[in-house]
Amino acid sequence: MDLAVKVRRYDPEAKEPIPYWSEYKVEVDEYTTVLDTLINIREDIDGTLSLRCSCRSAICGSCSMRVNGHAQLACKTRVSEIAPDGGSVTIEPMGNMEVIKDLVVDMTPFWDKVKAVDPWLQPEGPEPEGEYLAPNEDMLHLAGVMGCILCGACVSDCTVLEVDSNFLGPAALAKAYRFVADPRDSQEKPRLDSLRQYSGIWDCTRCMECVQVCPKGVAPMDRIMVMRDLAMNAGFDKEIGARHTDAFVELVSHSGRLDELKLPVKTVGMFNIRAMQSFAPVGLRALVRGKMPPIFHKMLPNVENVRRIFRKLEPKK
Amino acid sequence: MLEHDVLVVGAGLAGMRAALAATEMGANTGIISKVYPVRSHSNAAQGGINAALVDRGDAWEEHAYDTVKGSDYLGDQDSIELMCQVAGEELISLEHMGVIFNRDDEGRLGTRAFGGQRRARTFFVADFTGQAILHVLYEQLLKSEITSYEEWFVTSLVMQEGKCCGVLAMEIRTGRVYLIKAKTVILCTGGLGRVFEPSTNALIVTGDGIALAYRAGVPLMDMEMVQYHPTTLKGSGVLITEGARGEGAYLLNKDGERFMERYAPSMMELASRDVVSRSETIEIAEGNGINGSVLLDCRHLGEQLIKEKLSQIYDIGLDLLGIDITQEPIPVQPGMHYQMGGIKTDVDGLTSVPGIYAAGECACVSVHGGNRLGANSLLDTVVFGHRAGNHAAEVSKGTTQEPLDVEELVGQEEKRLAEILSRDANGDRVARIRLDMGTAMNAHLGVYRDQNGMKEALDTIQQLKERYTTVPVEDKGRTFNTDMVFDLELGLMLDCAEAIAVSALERKESRGAHSRTDFPERNDADWLKHILVTSTPEGPKISYSPVVITQWTPEERKY
């Protein structure tokens, strides 16, 4: 089967260092991976193509790149699955990271963020002579997160990082969760206290991209959501994010549907003049375009059913 | 000026363990790796780490005996005893650092069975134990004060008056050469898998440290002992863990027969790796295979066990062959996996050259002798990485840094690299030479060997070394020039290949992984000794060293 591989290139030493495309014609079979293809290109056609790769079996995390627009491990992606009848495949470097050359990106900020969550076990008290006792279910649960190979795919496609490079990002937060959820670690509360701050767990917009692109099923966003719950249960409920969650629950459980007018007000607080002022332009634009939510919010006719659901799910206080 | 008491080359398990030990001892420690530490090949160790824990009714002597027998009596028994004695301690210290080992019902560390051992003493994290430990050591590295040079490639060791005083290294991102001074250098660069094609090893496993030490005059030992793993995926050669057989998977031939019954009636699929690989090779040669492979059957283990304990190979089957191992057997074949030999060291990682240490797969203590037991390699890395780090730190305290002419040394190395970059195209390619080398090594230094084949391989290697001196590098840039890195790696690999072929030709018997059709028997009278190879201006020079025997006299090896 013939395949056209389009690769986004960049040579910082070129006279005019701007990205460009190279296209290569290669032959592939049912089992050829994207990485096999790139290695063939590099070895037989064009030795100037730079990329990182090593294990060829999705454990070292070197070869994340965007394949047809989404971050993937090149070694885990068979060409026949993404281009079943041949045709073409488009390869680009990961997103949200500066390109050094061709498909090689600068991962320094990535490692810095991993380091920023204090990613080491902090047990309390004297070390036991033998191992720490821990339930196997907890370890199996953690194995789901320790499966993370720090490949960067989630960070590449994170939609928050596109607009705010300060966000710790899905990989670092998943790493943080590995300690928050470790029964041997004693710092759950201080960790959550630091993770609830600006650029932490509340900055995720739940777009699901990280869950979708993760090649190891780590589901970073799900871990972030669990940490939000844990943070609120630990008493950290004053953040905008936490208040937004509370307001959301309160409004829906009251009227059966969201009162979009009250949500921002409740979230920031009625007397938070500055925040209230910042809503004014948004409100005006909504008004002009006929998108203003109704001033008088109506309850759902069968609201009692919704309230029953909430009563059932609400943890006993 | 970049300067350290202890500089560790390589950031896999042995390297990070060594660096952590050295920094704990108060040494100013640096670690240098050609990849980000978590990319290291220790990741690929799937099955687990061995330790005989007394409170589980196990004894280190039992573990040591299994290891000695597994080594076909070529392992040094004093080193093996030491490794097995401290195994429990090292295991627990990994757990304390945060490794999420699987547990038993009481919340204590759980075990699984592994090849060549009469007792289940392999501790594990699903089937990604190496990764789980590597990432935890990386966590500890982040916590420490160690200076980490990531994506730097060591091009030479700096020798002065017979002593190593640091390394010359290229920062891959910029292509610039630096000298890093060090009172002691610990080589932890892993194996040399890519000398063979195919191999289970990652593309970065190119024998760098082994060749660097060899070039610096350190003898290499047991280099003829190359392990072929019995279960590597047909085609790509990707590893399928021994843990699968440890959990009870069968090996079947084309008739669906569990053929190991005929070769190792008592241990069956869990006989030691050399034995299973040979049996498979015979089955395939006698026409009992299926397109050059046999089948690994996991179906009867059940979906839950497979997904919980063998999750990675479940994914590998699906991703690479489109086979669901809960429903279908997968085709496997023996494939090059591990180098038992390497840089000759003592139990503290020290080589015969002052200032040079080695630990992990690149070193040869020798605890694996002629054949390594599964899950002993992780143990080797942490035990001897730890000891090398301690010893190097201690020695550095009493050493003063030699004055070095940095500009001169860096200038010379830059000139050497510039010459490689300046070569004109001549129709040859680095990749082609590497493939020719790998193919010859696999054909003639694989599971079965003979004089003619090995001689042919050695001739090929020597011709390839000639071609290597003029092969051009296509990428002429400085920034992240991977083409240049491959060229440098190839030079190092060719030295390793030569050392393997020369040593293998020398050993005129069959022992462990070294099976000769022209000398099919083990011959303790003449060959119960280590073969050493040293680089000299006249070429590789062979010498011998006795095998240390403490309490187990060699006997016939049956499984």
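Before anything else, a word on terms: the helices and strands I mention are DSSP runs, a helix having at least four residues and a strand at least two, and they are numbered from the N terminus. With that in hand, I can place B:Ser366, which sits in the loop of chain B between strand E17 (363–364) and helix H11 (376–397). I should also say at once that what we have in front of us is a predicted model, and I will come back to that serine after an overview of chain A.

Chain A has 317 residues, and buried residues make up 50% of them. Its secondary structure comes to 14 helices and seven strands, and its C-alpha atoms, taken along the principal axes, fill a box of roughly 70 × 70 × 40 Å. If we consider the contacts in chain A with a separation of 6 or more, 64% of them are accounted for by residues 24 or more positions apart. The domain assignment divides the chain into domain 1 (2–105), domain 2 (108–233) and domain 3 (240–313), and the C-alpha centres of domain 1 and domain 3 of chain A lie 47 Å apart.

Let me turn to the second largest pocket, which holds about 760 Å³ of space. It is lined by 21 residues, and the closest to its centre are A:Asp229, A:Met232, A:Thr245, A:Asp246 and A:Val249. Which parts of chain A supply this lining? At least two residues come from each of helix H10 (220–233), helix H11 (240–255) and helix H14 (303–313) of chain A, and H11(A) gives the most, with seven residues. In terms of domains, the lining draws at least three residues from each of domain 2 and domain 3 of chain A. Sorted by class, the lining has nine nonpolar, four polar and eight charged residues.

Still in chain A, two residues have a backbone feature worth pointing out. A:Met208 has a positive phi of about 80 degrees although it is not a glycine, and this methionine is placed in the loop between helix H8 (188–195) and helix H9 (209–213) of chain A. A:Ala219, which is not a glycine either, has a positive phi of about 50 degrees, and its place is in the loop between H9 and H10 of chain A. Are these two buried or partly exposed? A:Met208, at 39% relative accessibility, counts as partly exposed, whereas A:Ala219 is buried, with a relative accessible area of 11%.

Next, the cysteines. A search of the whole structure finds zero disulfides over all chains. A:Cys63, for instance, is in no disulfide, although the sulfur of A:Cys75, the nearest cysteine sulfur, is 3.7 Å away; since a disulfide needs two cysteine sulfur atoms within 2.5 Å, that pair does not count as one. A:Cys148 is likewise in no disulfide, and its nearest cysteine sulfur, that of A:Cys154, is 6.5 Å away. Both cysteines are buried, A:Cys63 with a relative accessible area of 3% and A:Cys148 with one of 16%.

That brings us to chain B, and back to the serine I began with. The peptide bond from B:Val365 to B:Ser366 is cis, with omega near 5 degrees. A cis peptide bond also joins B:Glu197 and B:Pro198, where omega is about 0 degrees, and B:Pro198 is found in the loop between strand E9 (176–187) and helix H5 (208–215) of chain B.

Finally, I would like to look at three buried residues of chain B. B:Asp5 lies in strand E1 (residues 2–9) and is buried at a relative accessible area of 19%; leaving out residues up to four places away in sequence, B:Asp5 touches B:Ala27, B:Asn28, B:Ala182, B:Lys183, B:Thr184 and B:Ser396. B:Val276, in helix H8 (residues 273–285) of chain B, counts as buried at 0% relative accessibility. With the same neighbours within four places set aside, the contacts of B:Val276 include B:Pro230, B:Arg245 and B:Leu251, and its C-alpha atom is separated by 9.6 Å from that of B:Gly115, 161 residues apart along the chain.

The last of the three is B:Thr482, in helix H15 (residues 482–506) of chain B, which is buried with a relative accessible area of 8%. Which residues does B:Thr482 touch, not counting residues up to four places away in sequence? They are A:Arg42, A:Leu49, A:Ser50 and A:Leu51. Within chain B, the C-alpha atoms of B:Thr482 and B:Ile172 are separated by 8.0 Å, with their positions 310 residues apart along the chain.

Conventions. Residues are numbered from 1 along each chain as its sequence is written. Chains are lettered from A and ligands numbered from 1 in the order in which they are written. This is a predicted model: local features need pLDDT of at least 70, side-chain atom pairs count only at pLDDT 80 or more; totals for chains, interfaces and linings use all residues. Side-chain values use heavy atoms; hydrogens and water are left out. On a 1 Å grid over the protein atoms alone, a cavity is a set of points where a 1.4 Å probe fits but cannot get out, and a pocket is an open set with protein on both sides within 12 Å along at least five of seven lines; lining residues have an atom within 4 Å of a point. Grid points are joined across faces, edges and corners, and a volume is the space filled by probe spheres set on the points. Ala, Val, Leu, Ile, Met, Phe, Trp, Tyr, Cys and Pro count as nonpolar, Asp, Glu, Lys and Arg as charged, and the others, Gly among them, as polar. Domain bounds come from an automatic or database domain assignment. Buried means under 20% relative accessible area, exposed over 50%, partly exposed in between (1.4 Å probe, protein chains only). Contact means heavy atoms within 4.5 Å.
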